[in-house]
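Here is a short briefing on the model shown below. Keep the structure open while reading.

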There are 2 protein chains.
Amino acid sequence: MQVIDTVAGFRKALDQERAAGRSVGLVPTMGFLHDGHASLMRRAAAECDVVAVTVFVNPLQFGANEDLDSYPRDLDGDVARAAANGATYVFAPTTAEMYPTPMLTSVRVGAVSEPLEGHARPGHFDGVATVVAKLFAIAGTCRAYFGEKDFQQLAVVRRMAADLSLPVDVIGCPTVREPDGLAMSSRNAYLTAEERAVAPTLRQALGAGRRLIEETGERDPAAVRAAMASVINAEPRFELDYAEVVDPGDLSTPAVLAGEVRLLVAARLGRARLIDNISATADPDTTGASR
Amino acid sequence: MQVIDTVAGFRKALDQERAAGRSVGLVPTMGFLHDGHASLMRRAAAECDVVAVTVFVNPLQFGANEDLDSYPRDLDGDVARAAANGATYVFAPTTAEMYPTPMLTSVRVGAVSEPLEGHARPGHFDGVATVVAKLFAIAGTCRAYFGEKDFQQLAVVRRMAADLSLPVDVIGCPTVREPDGLAMSSRNAYLTAEERAVAPTLRQALGAGRRLIEETGERDPAAVRAAMASVINAEPRFELDYAEVVDPGDLSTPAVLAGEVRLLVAARLGRARLIDNISATADPDTTGASR
């Protein structure tokens, strides 16, 4: 496995792989790789001839009061983890290599970027869309793997790649969870033992929302939101940010739930801000099961 | 020569050319091709193995009260002109082919986009940067040729391609002029005979500004602006928009002129809004020649 730290070197390596007839799988990350990233790499390795993992903590996607400086980093560990999960290349540029001059260009995805995380973290998705557009431009024709844990990010990246006709197939992959249900995240490293113990409450709140839709037959988004919020608010260590149910395509809030929907929650827990989401199906057969 | 109207077809054609070892020159245009475009195509043909001309009147870069509907179009003429000047492909997609779903993604280049045309035409350069980013993503690795007549557009595109690491060398080419000095432009078609007769006044104003810098030794931007404006305002058919002298790199206005600068003018003449620009050198040796 090869570690590359220049834009030109990474582009050249992937161009040569494609010229030799090999397909490229790209796994863009901010490093501190965990089993969730490992599952993306293994999926990429199963579907592509070579796998390139990018490790870059992108300053553009952090707000002024967010955790850019404290975001966990471990390049040696990341390289070992990438090698162990089938990666061919790790691209780990410095910030100066990625942004050698002031970054004047920004990429923005309207509508999909605006609710939820976009509302809670102004400018965050502009930073994501910009760095991913740049990584896609460097990497060239490939399949790119993103986790569903960052569901809205996946929607933003997918729309950006389609709108700009970038030669990249964006693949969403299921969230990987700890045995107690907590979604894997580099930011879980911020949790104290006490916080870690109650962290699965987020997943439990999502489950309560899903049961309300699929078993009780609830079709009012406000009732589902309230049910999820009450589970999170019952644990005083959490500070709830949002609990929402949206259309999985454009992330808009339907007036009445119908078909496949996405439940999403965000909450602060100690130093960490955690997010999670699951799907649910508002099947016509279960409508009004309780009525 | 081959005319292509699908994104997938255009990408595939250029991918195949590169796979066969041939270099690609790209000439993005809005059609109604004139001798200025012809010079771009000939330059591309001299430097690249295949030349692809794109013809697309991009709605994103027109303001609500601008000339999108009346913008001159002549695809048959464009195809003939492209063939006569060494083009291998003409890519002429419909708006529905370029934007099959609502275009939620926009590309913005800060600073360079803001003064001059950016101030006069809000959103114009966002539309330009977005469509050019998309055309570059479709075309892939290439050299792309733009005229210096749209000097700020060239600066915006160059910065966008660099910031996003697109695999495109952006080449600026000299403005092509009519014998009387008028810069070639598709929008010259809007001029009546009387307006056409006075249109070279724009180039004359730029020349007056340059002489003031290079011969008189003027170093005060305000004096140069005033000199250019007075030439244009002396012709009552013109409605002056701006007459400016800026740093050619970032288009900022220097306090004192030094080294290479760019003079730019914009004015309305009948139905047309015309722009033009030239370079000038504020050489240390001529400073204060008149003082």
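Which residue of S3(A) does Thr29(A) stand opposite? The partner is Val55(A). This is a predicted model. The points below take the strands, the chain contact and the helix pairs in turn.

**Strands S2 and S3 of chain A**
- Strand S2 (residues 24–29) of chain A and strand S3 (residues 50–55) run parallel, joined by six bridges.
- The pairing of Thr29(A) with Val55(A) belongs to this part of the chain.
- S3(A) is largely enclosed by the rest of the structure, because six of its six residues are buried.
- Both faces of S3(A) are covered.
- On one side the buried residues are Val50(A), Ala52(A) and Thr54(A).
- On the other side they are Val51(A), Val53(A) and Val55(A).

**The parallel sheet of chain B**
- In chain B, six strands make an open sheet with parallel pairing.
- Their order is S1-S4-S3-S2-S6-S7.
- The edges are strand S1 (2–4) and strand S7 (168–173) of chain B; each has a single partner strand, so one side of each lacks a neighbour in the sheet.
- On average, neighbouring strands of this sheet are turned by 25° against each other, direction ignored.
- Strand S2 (residues 24–29) and strand S6 (residues 142–147) of chain B run parallel and are joined by two bridges.
- Leu26(B) has Ala144(B) as its bridge partner in S6(B).

**The antiparallel sheet of chain A**
- Three strands of chain A form an open sheet in the order S8-S9-S10, and the pairing is antiparallel.
- Strand S8 (238–246) and strand S10 (272–282) of chain A are at the edges, each with a single partner strand, so one side of each has no neighbour in the sheet.
- From one strand to the next, the twist averages 15°.
- Eight bridges link S8(A) with strand S9 (residues 259–269) of chain A in the antiparallel sense.
- Leu240(A) finds its bridge partner in Ala267(A) of S9(A).
- Helix H9 (residues 201–214) of chain A lies across S8, S9 and S10 of chain A.
- The angle between H9(A) and S10(A) is about 20°.

**Contact between chains A and B**
- Chain A and chain B each bring 23 residues to the contact.
- On the chain A side, four elements each supply at least two residues: helix H1 (7–19), strand S5 (105–109), helix H6 (124–139) and helix H7 (151–163).
- S5(A) gives the most to this side, with five residues.
- By class, the chain A side has 14 nonpolar, four polar and five charged residues.
- S5(A) also pairs across the chains: five bridges join it to strand S5 (residues 105–109) of chain B, and the two run antiparallel.
- Val109(A) has Thr105(B) as its bridge partner in S5(B).

**Ser106(B)**
- Ser106(B) sits in strand S5 of chain B.
- Is Ser106(B) buried or exposed? It counts as buried, because it has 20 C-beta neighbours inside 10 Å.
- Setting aside neighbours within four places in sequence, Ser106(B) is in contact with Arg108(A), Asp126(B) and Thr130(B).
- Between Ser106(B) and Leu274(B) there are 26 Å in space, C-alpha to C-alpha, and the two are 168 residues apart in sequence.

**Helices H9 and H10 of chain A**
- H9(A) and helix H10 (residues 221–233) of chain A pack at about 150°, with axes 8 Å apart.
- Angles over 145 degrees count as roughly antiparallel, and H9(A) and H10(A) are therefore roughly antiparallel to each other.
- Their crossing is right-handed.
- The H9(A) residues in this contact include Leu202(A), Leu206(A) and Leu212(A).
- Among those they meet in H10(A) are Val224(A), Met228(A) and Ile232(A).
- The contact of H9(A) with H10(A) has twelve nonpolar, three polar and no charged residues.

**Helices H9 and H10 of chain B**
- Helix H9 (residues 201–214) and helix H10 (residues 221–233) of chain B pack at an angle of about 150°, and their axes are 8 Å apart.
- H9(B) and H10(B) are therefore roughly antiparallel to each other.
- H9(B) and H10(B) cross in a right-handed sense.
- Among the contact residues are Ala205(B), Ala208(B) and Gly209(B) of H9(B), and Ala223(B) and Ala227(B) of H10(B).
- The classes in this contact are twelve nonpolar, three polar and no charged residues.

Conventions:
Residues numbered from 1 in each chain as written. Chains lettered and ligands numbered in written order. Predicted model: local features only at pLDDT ≥ 70, side-chain atom pairs only at ≥ 80, totals over all residues. Axes fitted to C-alpha atoms, helices over the stretch in contact; angles between N-to-C directions. Parallel < 35°, antiparallel > 145°, perpendicular 65-115°, else oblique. Left-handed = near helix turned anticlockwise from the far one by under 90°. Contact = placed C-beta atoms within 7 Å. Nonpolar A, V, L, I, M, F, W, Y, C, P; charged D, E, K, R; others polar. Pairing = 2+ DSSP bridges. Buried ≥ 20, exposed ≤ 12 C-beta atoms within 10 Å, placed from the backbone.
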